[in-house]
Amino acid sequence: MLDAQNAPAAPVIVRREDYRPPDWLVPEIALDFDLGAERTRVRARLKVARNGAHDRPLVLDAEGLTLVEVTVDGEAAEHRLEDERLTITVSTAAAVVETLVEIGPRANTQLMGLYESGGILCTQCEAEGFRRITPFPDRPDVLSRFTVCMAADKAVYPVLLSNGDPVGAGDLDGGRHWAEWRDPFPKPCYLFALVAGDLVANRDSFVTASGRTVDLGIWVREPDLSKTAHAMAALKASMKWDEETYGREYDLAVFNIVAVSDFNFGAMENKGLNIFNSRYILADAETATDADFDAVAGVVAHEYFHNWSGNRITCRDWFQLSLKEGFTVFRDQQFSADMGSRAVKRIEDVRVLRAAQFPEDGGPLAHPVRPESYIEISNFYTATVYNKGAELIRMMHTILGPERFRAGTDLYFSRHDGEAATCEDFVRAMEEGGGIDLSRFRLWYSQAGTPRIRAALASDDNGAATLTLSQQVPATPGQTEKQPMPIPLKVALFGADSGTKLEERLVMLEEERAEIAFSGLLERPVLSINRDFSAPVVVEAGRDLADLAFLSAHDDNAFARYEAMQQLMLDTLLRAVSGGPADHEPVIAAVRETLANPALDHAFIAEAVLLPSESFVGDHLAVVDPDAIRAAREALRVALGSALEGQWRAAYSATAANRFEYSPAAKGARRLRSVALGYLLGAGAEDAAKLAMRQFEDADNMTDRQGALTALVNSGAAERNTALAGFYDRYRRDPLVLDKWFTVQALSTRDDALEAVEALARHPDFTLSNPNRMRALVGAFAANQRAFHDVSGRGYRFLADMILAVDRLNPQTAARLVPPLGRWRRFDEGRAALMRAELERIVAAPGLSKDVFEQASKSLG
Ligand code: PHE
Ligand code: ZN
């Protein structure tokens with residue numbers, strides 16, 4: 001039996017350069033589960049084959065397993081279980097190795113391996129959870145054909161699912177039954193899955209391009225069945241889209257999805273049996289916002305797309321994680337853009353990148369898209385690997401254009417099908433299929449840090465202009481010297497008088513500096529740069545407020561137009577924060593014009609008139625001053641609210657709710673309505689709280705109801721408590737909606753947010769054991785810049801206490817709460833010292849997991 005006491009003491013650093021092919025392969029595995037929540041017995045029959053000429057023993061990973069028996073070719077075999085490794089002497093080139101172990105799913109609070117969630121038994125194996133189920137070479141370059149047999153109590157676990165196709169089932173004595181599944185595709189063990197539970201299915205089918213029928217099932221607990229229609233529609237749309245866009249057809253006769261309430265991440269792409277955090281499956285108008293609906297469709301698509309980008313072609317080792325994740329995020333972003341508003345989707349994706357990845361890239365946890373080392377791989381499921389990784393693929397798409405990009409992915413899929421590949425393999429396929437040299441582009445995989453671009457446009461009276469570009473890649477931990485990166489910048493020039501486009505091109509900035517010449521310009525040009533956010537960089541273009549306002553009205557690229565408005569707002573706020581005179585007029589004028597522009601849709605307007613977040617403003621300051629940022633942003637919000645009160649009112653009534661509909665137009669209307677309501681409350685309009693309360697009560701959908709609740713919770717209105725209590729009473733039995741109740745309060749902009757959060761942590765509905773609830777309160781609070789960075793340090797202490805408490809149950813969830821404390825360098829000395837003290841307290845805590853140790857010790861850096 002392994003436990004914490006004989007786990008390795010000193011954290012081991014795993015390095016990319018140390019990769020070696022596996023000593024043993026396992027072409028086939030047969031698993032036999034005798035399932036029970038308290039105790040499950042797992043018999044595994046491995047066909048092992050020596051890989052190359054060597055005499056090393058067979059070493060299997062094994063964590064937290066009670067070992068009962070080991071045989072080789074049917075005979076008791078010499079073996080040793082030590083440091084989470086089972087070493088077995090095998091003298092032949094091939095053999096059948098059998099192990100029998102016992103595990104306890106109910107006691108598994110880490111949610112890795114086989115665990116219990118709401119009475120359902122389910123598995124999570126990525127990245128290294130399979131070793132908590134049975135001894136195995138738990139690495140993604142060992143691919144096996146799986147056969148899985150399960151036996152369980154039929155009343156408690158009437159449904160038994162695994163990967164691939166069902167091949168048999170029947171009853172057993174004593175109220176038990178069995179089922180067998182076989183997956184014809186060799187796969188790494190991280191894609192293994194099993195589910196046993198009292199579930200019902202939304203069943204449907206899909207006919208593939210070549211005419212095969214696939215049976216689809218979305219499995220949930222009975223009361224949730226009515227909330228699965230949206231996920232099913234998204235699944236079928238994804239299957240069709242992948243055929244049309246990438247020529248990828250589904251390859252099994254069955255595709256199942258199961259929703260569970262306790263899950264560390266969003267969802268998991270196990271072959272033919274995706275397992276989801278229920279928040280990314282369940283959606284109906286009453287309980288899910290439009291953002292939730294979009295997230296469900298995006299994650300369903302993401303996991304489905306993994307069937308090719310991840311499963312048919314998997315990763316050689318975990319340093320290659322972005323091979324599947326970056327590519328698959330790019331694919332799901334393209335899918336969502338095709339299904340809805342391309343412009344709004346890009347705005348949302350860039351917002352996520354800037355909120356999550358840029359701070360990571362500029363802090364102590366910065367790492368390349370293809371990392372060089374790790375202590376705990378779970379810590380590398382990051383915004384850098386996922387979202388920056390997706391931006392890398394997007395840049396290749398931009399540079400190659402859609403046809404040559406597709407030629408590259410076709411070559412990649414055909415060349416590496418059935419293999420465990422590397423990021424290098426992907427780039428090479430793009431080069432050969434797309435007919436391009438990407439030698440220098442590879443730097444994007446190896447160099448961390450967000451490049452900073454300076455752009456200056458100088459024009460003369462003879463119609464000539466020069467765009468001077470320079471780049472600088474900041475030093476990051478372990479990488480002090482950087483080389484210039486190849487950066488694709490979509491650039492356009494607009495005529496200052498006519499507002500028309502004079503020029504447009506894709507500029508490749510290859511060196512540290514470049515000058516680009518333009519001629520024949522008939523008016524003064526205004527620069528539009530990094531249109532569509534063509535590269536994941538920070539651009540300082542030094543345009544004045546007038547030019548930004550001009551672009552916010554005239555740029556024909558929706559993203560660039562949004563960006564100009566954001567820059568205008570940001571510059572205004574930064575001036576105010578640094579004590580300059582607060583001139584709100586240019587922003588007010590630009591917002592007025594945007595609100596009045598009949599050519600713009602509601603969804604875009606809502607995004608464009610929204611002020612940049614407090615943390616985004618903070619990211620642009622040498623020393624973040626949370627209170628000054630709040631004050632400046634609040635003043636601008638109030639100014640916008642009062643100056644444009646008539647227009648907010650008009651926008652509010654023009655978007656008045658009809659019966660709920662999930663269409664791009666209806667979503668846009670709801671979005672603008674909530675934004676307008678927020679400004680009306682900001683303006684202190686007399687009737688605003690009543691409007692909000694009426695919206696709260698009359699809403700026939702969660703978007704409107706939560707929008708009204710948020711506005712009220714941030715206000716001092718008397719209606720605030722009525723709305724909070726009403727929301728609680730209505731939804732207390734729906735955990736996903738109750739999560740919203742916690743989050744809205746954790747993100748409150750009021751002065752009492754910190755005390756409220758401390759009190760909510762003692763609320764009977766708060767629990768450390770459910771990752772969604774943890775993130776709803778504690779994760780959201782850490783994103784509330786002003787409350788979290790309360791000068792007393794109480795916010796830091798609260799977070800550290802939570803991290804230490806959760807770490808005992810679930811190290812992965814605990815580790816993901818650490819990064820906000822690692823931002824101490826960005827704050828004043830007083831706050832920095834308080835943050836460091838909490839990190840030091842965490843690192844010194846006895847029995848700390850390696851997950852939290854890695855994040856906290858690196859954060860002290
Ligand atoms: N591979 C999953 C995804 O991105 C994420 C995940 C990682 C889920 C680790 C669980 C555990 O689709
Ligand atoms: Zn993924």
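In this predicted model, the end C-alpha atoms of residues 231-441 lie 37 Å apart. Helix makes up 55% of the span and strand 9%. The UniProt record, an unreviewed entry, annotates residues 231-441 as "domain: Peptidase M1 membrane alanine aminopeptidase".

Ligand 1 is surrounded by 13 residues. Glu-126, Phe-265, Met-268, Glu-269 and Tyr-381 come nearest. Two elements, strand 20 (267-268) and helix 2 (290-305), each supply at least two residues of this shell. By class, the shell around ligand 1 holds five nonpolar, four polar and four charged residues.

Helix 4 spans residues 342-361 and has 20 residues. From first C-alpha to last, helix 4 reaches 26 Å. That is close to the 28 Å expected at 1.5 Å a residue. Helix 4 also carries a kink of about 35°, centred on Arg-354.

The chain is divided into domain 1 (314-446) and domain 2 (452-535). Their centres, taken over C-alpha atoms, are separated by 24 Å. Twelve residues from domain 1 and twelve residues from domain 2 form the contact. On the side of domain 1 that touches domain 2, helix 4, helix 5 (383-416) and helix 7 (443-446) each supply at least two residues. Helix 5 gives the largest share of that side, three residues. The composition of this side of domain 1 is eight nonpolar, two polar and two charged residues. Helix 4 thus combines two features: a kink centred on Arg-354, and at least two residues on the side of domain 1 that touches domain 2.

Note on methods:
Residues are numbered from 1 along each chain as its sequence is written. Chains are lettered from A and ligands numbered from 1 in the order in which they are written. This is a predicted model: local features need pLDDT of at least 70, side-chain atom pairs count only at pLDDT 80 or more; totals for chains, interfaces and linings use all residues. Helices (H or I, at least four residues) and strands (E, at least two) are DSSP runs, numbered from the N terminus. The expected span of a helix is 1.5 Å times one less than its number of residues. The bend at a residue is the angle between axes fitted to the seven residues ending there and the seven starting there. UniProt positions are given in the numbering used here, feature names are shortened, and annotations may be inferred rather than shown by experiment. A residue is near a molecule or strand if its C-beta atom, placed from the backbone, lies within 6 Å of it. Ala, Val, Leu, Ile, Met, Phe, Trp, Tyr, Cys and Pro count as nonpolar, Asp, Glu, Lys and Arg as charged, and the others, Gly among them, as polar. Domain bounds come from an automatic or database domain assignment. Two residues are in contact if their C-beta atoms, placed from the backbone, lie within 7 Å.
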